Amino acid sequence: MNTKNNKRRRNSVEKIEKAFVELLQNRELKDIKVSDICKITRLNRSTFYANFLDIYDLADKVREKLEEEFSSLFVQEPSQNEKGGAVKMFTHISENQLFYKTYFKLGYHEQNQILIYDTERASRDFDNKYIKYHIEFFRNGLNAIIKMWLADGCKQSPEEMAQILQQEYRGR
């Protein structure tokens with residue numbers, strides 16, 4: 001019996017997700033077919049459909065998985081200083097470059113779901129004025145920096161990227 005969390009099923013899901021992410025590097029989402037994934041993974045269509053409704057459901061689940069993994073980085077050690085948190089973030093991105101490239105390619109970053117923002121601190125730093133503009137500026141700027149770093153192959157270390165980010169926000 002193929003129960004929800006058995007090892008064989010988890011392995012199949014991981015193969016499907018990996019093949020999907022690889023295909024997305026050279027194709028648009030609308031051009032990826034279930035048969036393409038099955039051919040790469042050597043899994044049956046029934047295995048795909050036992051785990052996903054369609055390609056779009058797969059894309060959503062890959063996004064959710066990445067967002068959960070990303071969020072868990074900051075739940076484990078919430079008291080860490082800002083630079084340490086940024087190093088963790090950039091380290092995770094560096095170690096999962098393909099997934100983050102996929103995340104941006106699918107346009108999920110436009111929904112701003114992956115970035116955690118400290119609105120309490122923003123309220124203090126900006127005297128509770130125009131915070132929504134600051135948050136939008138910060139998120140878009142950070143997304144742009146991450147996309148640029150990914151496009152460049154993450155040549156700078158996570159520590160260097162955290163330092164760049166800190167320099168942009170020094171004094172706050």
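**Helix packing and aromatic pairs**

Thr102 is located in helix H6, which covers residues 97-105. In this predicted model, Thr102 has a relative accessibility of 1% and therefore counts as buried, the cut-off for burial being under 20% relative accessible area. When residues up to four places away in sequence are left aside, Thr102 is in contact with Val21, Leu24 and Gln25. Of these contacts, Val21 and Leu24 belong to the buried residues of helix H1.

Helix H1 comprises 18 residues, from 7 to 24. At 1.5 Å a residue, a helix of 18 residues should span 26 Å, and the end C-alpha atoms of H1 are 26 Å apart, so the expected and computed values agree. The N-terminal end of H1 is capped by Asn6, from which a side-chain oxygen lies 3.3 Å from the backbone nitrogen of Arg8. Buried positions in H1 are Arg9, Ser12, Val13, Ile16, Glu17, Ala19, Phe20, Val21, Leu23 and Leu24. The list includes the charged residues Arg9 and Glu17. An α-helix has 3.6 residues a turn, so residues three or four places apart point the same way. Such a spacing is found among the buried residues Ser12, Ile16, Ala19 and Leu23.

H1 also packs against helix H2, which is formed by residues 34-41. Two packed helices are described by the angle between their axes and the distance between the axes. For H1 and H2, the axes come within 9 Å and cross at roughly 115°, and the crossing is right-handed. On the H1 side, the contacts are made by Lys15, Ile16, Ala19, Phe20 and Leu23. Their partners in H2 are Asp36, Ile37, Ile40 and Thr41. Among the H1 residues that meet H2, Ile16, Ala19, Phe20 and Leu23 are listed as buried.

The structure contains 4 aromatic pairs. In one of them, the ring centres of Phe48 and Tyr49 are 5.2 Å apart and the ring planes stand at 85°, so the pair is edge-to-face. The rings of Phe48 and Phe52 have centres 5.4 Å apart and planes at 45°, and this pair is therefore tilted. Ring pairs thus join Phe48, Tyr49 and Phe52 in a cluster. Within the cluster, Phe48 counts as buried because its relative accessibility is 1%, and Phe52 is also buried, with a relative accessible area of 3%. Tyr49, at 40% relative accessibility, counts as partly exposed.

How values were computed
Residues are numbered from 1 along each chain as its sequence is written. This is a predicted model: local features need pLDDT of at least 70, side-chain atom pairs count only at pLDDT 80 or more; totals for chains, interfaces and linings use all residues. Side-chain values use heavy atoms; hydrogens and water are left out. Rings of Phe, Tyr and Trp (its six-membered ring) pair if their centres lie within 6.5 Å; planes under 30 degrees apart count as stacked, over 60 as edge-to-face and the rest as tilted. Buried means under 20% relative accessible area, exposed over 50%, partly exposed in between (1.4 Å probe, protein chains only). Helices (H or I, at least four residues) and strands (E, at least two) are DSSP runs, numbered from the N terminus. The expected span of a helix is 1.5 Å times one less than its number of residues. A polar contact is a pair of N or O atoms within 3.5 Å; within protein, one must be able to donate a hydrogen and the other to accept it, and residues adjacent in sequence count only if both atoms are side-chain atoms. Axes are lines fitted to C-alpha atoms, for helices over the stretch in contact, and angles run from 0 to 180 degrees between N-to-C directions. A crossing is left-handed if the near helix is turned anticlockwise from the far one by less than a right angle, and right-handed if clockwise. Contact means heavy atoms within 4.5 Å.
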